[in-house]
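The following exercises are meant for a reader who meets this structure for the first time. Each one sets a task and then works through the solution step by step.

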Amino acid sequence: MQSGRVFKMAAAPQAPKRGSIRKTRPLVVKTSLNNPYVISWSSLEREDMHFILQTLEDKFKSIGLQKIEDKKKRKAKQRGGLVGTSEEPQEPHGGVRVSGWTPVHTRKQLAIGVNEVTRALERNELLLVLVCKSVKPAIITSHLIQLSLSRTVPACQVPQLSERIAPVIGLKCVLALGFRKNTMDFADEVEAIIPRVPSLNVPWLPDGTQGLTDSLETESLESQDKEVLDTSFDDLTRLKRKLAEGGQAPAATLQPLKIKRLVPNPSKIRKPPKSKNPSK
């Protein structure tokens, strides 16, 4: 009698069921700081608004500042062509300028547009900044408030600035306009407009007293140059502190800082697992 052999297949190890063991992820909490101060442009009087707009409009018309763009160049830009893509202004045989700013030296005395005004303020190159009130959203020009005050540059928001000035100089819109320190053609206009510009209010920045304090400090240090070289560091610190107290800078009123905790998915609602079978 022949004995039969029974072969048993080894059972394959079962894969762990999906979703049976899941590690709990730590809850992500983000902290955001809200600014308790509300910074806004100071309101401009109606009479001052009309004076500023009329003064600038008459001056631009008398100078004849305009941006002229060639029709061929405009069509090439619309079609995406390469004709007339050079940035330099072109001149025909007659000597009359076809495209570009005219006169060029007058354009170099101005900063037109938000980006150009921002760069000029960062380099401390401006005497006056005017911003259009119809800018939407307002955050496009709100950073110019702190930047202008930190550079002690008079700045204000003028209604209808873009509507009145842009057509005169051949632009579609003028959201910001700055006058550089080397201006010669607009010196009288800037001198007449600055007294009508309202002061800006930023709680943590002094309004115009920083320049006075710096000038007093510079004059005292220059007059006492030899004494400062011989004095110690403590004496120099005391001298600067006295000069700062003499400027009588207005104290900033501090407000409590608001802190928010942002918890994503507070109810811990988890998405169902995706099935491997695409038919389901």
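**Exercise 1. Contacts and overall make-up**

Task: Determine what share of the contacts in the protein chain with a separation of 6 or more comes from residues 24 or more positions apart.

Solution. The model is a predicted one. Among contacts in the protein chain with a separation of 6 or more, 83% are between residues 24 or more positions apart. The secondary structure of the chain comprises 10 helices and 8 strands. Of its 280 residues, 28% count as buried.

**Exercise 2. The open sheet**

Task: State the strand order of the open sheet of 4 strands, and identify which strands stand at the edges.

Solution. Step one is the order, which reads β4-β7-β5-β6, with mixed pairing. Step two concerns the edges: β4 (110-112) and β6 (155-158) each have a single partner strand, so one side of each lacks a neighbour in the sheet. From one strand to the next, the twist averages 20°.

Step three examines the pairing in detail. Strand β5 (residues 126-132) is joined to β7 (residues 176-180) by 5 bridges, and these two strands run antiparallel. Within this pair, L126 stands opposite R180. Strand β5 is also joined to β6, here by 4 bridges and in a parallel arrangement. In that pair, L130 stands opposite C156 of β6.

Step four asks how far β5 is enclosed. Because 6 of its 7 residues are buried, β5 is largely enclosed by the rest of the structure.

**Exercise 3. Two helices across the sheet**

Task: Describe how α1 and α6 lie across the strands, and decide whether the two helices are roughly parallel or roughly antiparallel to each other.

Solution. First, place each helix on the strands. Helix α1 (residues 46-63) lies across β4, β5, β6 and β7, at about 65° to β7. Helix α6 (residues 161-169) lies across β4, β5 and β6, at about 110° to β5.

Next, consider the helices together. Two packed helices are described by the angle between their axes and the distance between the axes. For α1 and α6, the angle is about 5° and the axes are 10 Å apart. Angles under 35 degrees count as roughly parallel. The two helices are therefore roughly parallel to each other.

Finally, list the residues that meet. From α1 come L53, Q54, L56, E57, F60 and K61, and from α6 come L161, R164, I165, V168 and I169. By class, this contact has 7 nonpolar, 1 polar and 3 charged residues.

**Exercise 4. Helix α5 and the loops around it**

Task: Name the buried residues of α5 and the elements against which they pack, then examine T152.

Solution. Helix α5 covers residues 139-150, and its buried residues are T141, L144, I145, L147, S148 and L149. These pack against α4 (114-122), β5, β6 and β7.

Before the helix, the loop between β5 and α5 contains P137. The peptide bond from K136 to P137 is cis, with omega near -5°. After the helix comes T152, in the loop between α5 and β6. T152 has a positive phi of about 50° although it is not a glycine, and at 45% relative accessibility it counts as partly exposed.

A positive phi, near 60°, also occurs at N124. N124 is placed in the loop between α4 and β5, and is partly exposed at 35% relative accessibility. A cis peptide bond also joins T102 to P103, with omega near -5°. P103 lies in the loop between β3 (100-102) and α3 (104-107).

**Exercise 5. Cysteines**

Task: Establish how many disulfides a search of the whole structure finds.

Solution. A disulfide is a covalent bond between the sulfur atoms of two cysteines. The search of the whole structure finds 0 disulfides. C173 is accordingly in no disulfide, the nearest cysteine sulfur being that of C132, 8.5 Å away. The cut-off for a disulfide is a pair of sulfur atoms within 2.5 Å. C173 counts as partly exposed at 43% relative accessibility, whereas C156 is buried at 1%.

**Exercise 6. The surroundings of E189**

Task: Decide whether E189 is buried or exposed, and find which residues it touches.

Solution. E189 is located in helix α7 (residues 187-193). Its relative accessible area is 14%. Buried means under 20%, so E189 is buried. Leaving aside residues up to four places away in sequence, E189 touches T55 and K59.

Definitions and conventions. Residues numbered from 1 in each chain as written. Predicted model: local features only at pLDDT ≥ 70, side-chain atom pairs only at ≥ 80, totals over all residues. Heavy atoms only, no water. Buried < 20%, exposed > 50% of the residue type's maximum accessible area, 1.4 Å probe, protein only. Contact = heavy atoms within 4.5 Å. Pairing = 2+ DSSP bridges. Axes fitted to C-alpha atoms, helices over the stretch in contact; angles between N-to-C directions. Parallel < 35°, antiparallel > 145°, perpendicular 65-115°, else oblique. Nonpolar A, V, L, I, M, F, W, Y, C, P; charged D, E, K, R; others polar.
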